[in-house]
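Hi,

Here is the structure I promised to pass on. Have a look at it first, and then read my notes below.

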Amino acid sequence: MERIVSAQNERIRKLTKLHQKKDRDASGLFLVEGEHLIQEALKAGIVREIFYDEDCPFPFAPATCVSAPVLAKLSGNVSAAHWIAVCSQPDLTCEQPQRVLMLDGVQDPGNLGTLIRTAVSFGFDEVLCSAGCADFYNDKTVRSTQGALFHLPVRRLYLAAAAGQLQAEGFLIVATSLQESRTMHEIPASAKIALVLGNEGQGVSKEMLAAADACVRIEMRGFESLNVAVAGGILMYHFRQS
């Protein structure tokens, strides 16, 4: 059985480049570490290879035993990893979505990952992201999704054009805003809803506010706004499919 012991091994050096977005984009690959995330990736059928330094708990081949320094070189975390998988970026689609989450410039990878995970939890069918959103396959994003990224279509596109297409398909576009907005309970019920959340500092762009059918705010006291991932969780729960 092959065992890689040198962190300077050519295969390992090439895979380490997947820590960079440009190399992930060029190859269509990314790294996943930890038992739970690898199990989710296996369920999704996107695992290409597994590297491990202890007994491998996954019934998958190819699986290559490596030294701890090799795994440390592949890992994007400070804490020691025992299993790392090379995965293909999933290519998922939803034929007839009813609930769509639109993210307009969400830049923090942790927020993006949490929103994707919450979208799965509350029955949203896909997530559409603007060019200004964080990278889907950033290590922090992937970890924050807890595997939801592997099971839900997440796409990057021009949101204003997507909003027009969704409206043509009967969607109500609802954007978050503190100005000229209604409370969640004042938004009319709709069989198809697309919820727009904005940048952590600037909120939803003027272009997307203009494209929306309605603006919504969360009733609260003490503060004007919430973290975008928290606000998204509240709104997705409210507008979830019954």
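**What I found**

Thr-176 stands opposite Val-216, a residue of β12. I should say right away that this is a predicted model.

That pair is a good way into the strands. β9 and β12 (residues 214–217) run parallel and are joined by three bridges. β12 also pairs with β10, again in the parallel sense, this time over two bridges. Within that second pairing, Thr-183 has Arg-217 of β12 as its bridge partner.

Between β9 (172–176) and β10 (182–183) there is a loop, and Glu-180 sits in it. Its phi is near 45 degrees, which is a positive value in a residue other than glycine. Is Glu-180 buried or exposed? With a relative accessible area of 83%, Glu-180 is exposed, because the cut-off for that is over 50%.

Two more spots in the backbone are worth a look:

- Gln-146 has a positive phi too, near 55 degrees, and is not a glycine. You'll find Gln-146 in the loop that runs between α6 (139–145) and β8 (154–156). At 33% relative accessibility, Gln-146 counts as partly exposed.
- Ala-61 and Pro-62 are joined by a cis peptide bond, with omega at about 5 degrees. Pro-62 belongs to the loop between β3 (47–52) and β4 (63–66).

Now to helix α6, where Ser-144 has its place. Ser-144 has a relative accessible area of 17%, so it falls under the 20% cut-off and is buried. Which residues is Ser-144 in contact with, leaving aside its neighbours within four places in sequence? They are Pro-109, Gly-110, Gly-113, Thr-114 and Arg-117. There is also a link back along the chain: a polar atom of the Ser-144 side chain lies 2.9 Å from the backbone oxygen of Lys-140.

The same helix, α6, holds both Asp-139 and Arg-143, which are four residues apart, about one turn of the helix. An α-helix has 3.6 residues a turn, so residues three or four places apart point the same way. The side chains of Asp-139 and Arg-143 meet in a salt bridge, at 2.8 Å from N to O. Asp-139 counts as partly exposed at 22% relative accessibility, and Arg-143 counts as partly exposed at 35%.

How many salt bridges does the count come to? It comes to seven. Besides the one in α6, here are two of them:

- Arg-13 forms a salt bridge with Glu-10, and the closest N and O atoms are 3.9 Å apart. Because Arg-13 and Glu-10 are three residues apart in helix α1 (residues 10–16), about one helical turn separates them. Arg-13 is partly exposed, at a relative accessible area of 40%, and Glu-10 is partly exposed as well, at 48%.
- Glu-126 and Arg-155 meet through their side chains in a salt bridge, at 3.3 Å from N to O. This pair links distant parts of the chain: Glu-126 is in strand β7 (residues 126–129) and Arg-155 is in strand β8, 29 residues apart. Glu-126 is buried, with a relative accessible area of 6%, whereas Arg-155 counts as partly exposed at 38%.

Last stop is helix α9 (residues 228–238). Asn-227 caps the N-terminal end of α9, with a side-chain oxygen 2.8 Å from the backbone nitrogen of Ala-229. Which residues of α9 are buried? They are Val-228, Ala-229, Ala-231, Gly-232, Gly-233, Leu-235 and Met-236. The cover over these buried residues includes β6 (99–104), α5 (109–121), β9, β11 (193–198) and β12, so we are back at the strands β9 and β12 that pair in parallel.

Ile-234 is also found in α9, but Ile-234 counts as partly exposed, at 32% relative accessibility. Ile-234 is part of a nonpolar patch on the surface, together with Met-220, Phe-223, Leu-226 and Val-230. Together these residues have about 440 Å² of accessible area.

Happy browsing!

Conventions. Residues numbered from 1 in each chain as written. Predicted model: local features only at pLDDT ≥ 70, side-chain atom pairs only at ≥ 80, totals over all residues. Heavy atoms only, no water. Buried < 20%, exposed > 50% of the residue type's maximum accessible area, 1.4 Å probe, protein only. Polar contact = N/O pair within 3.5 Å; in protein donor to acceptor, adjacent residues only side chain to side chain. Contact = heavy atoms within 4.5 Å. Patch = residues over 30% accessible without salt bridge, like charges linked within 9 Å, V, L, I, M, F, W, Y side chains within 5 Å. Areas by Shrake-Rupley, 256 points an atom, 1.4 Å probe, with all protein chains shown as cover. Salt bridge = Lys/Arg side-chain N within 4 Å of Asp/Glu carboxyl O.
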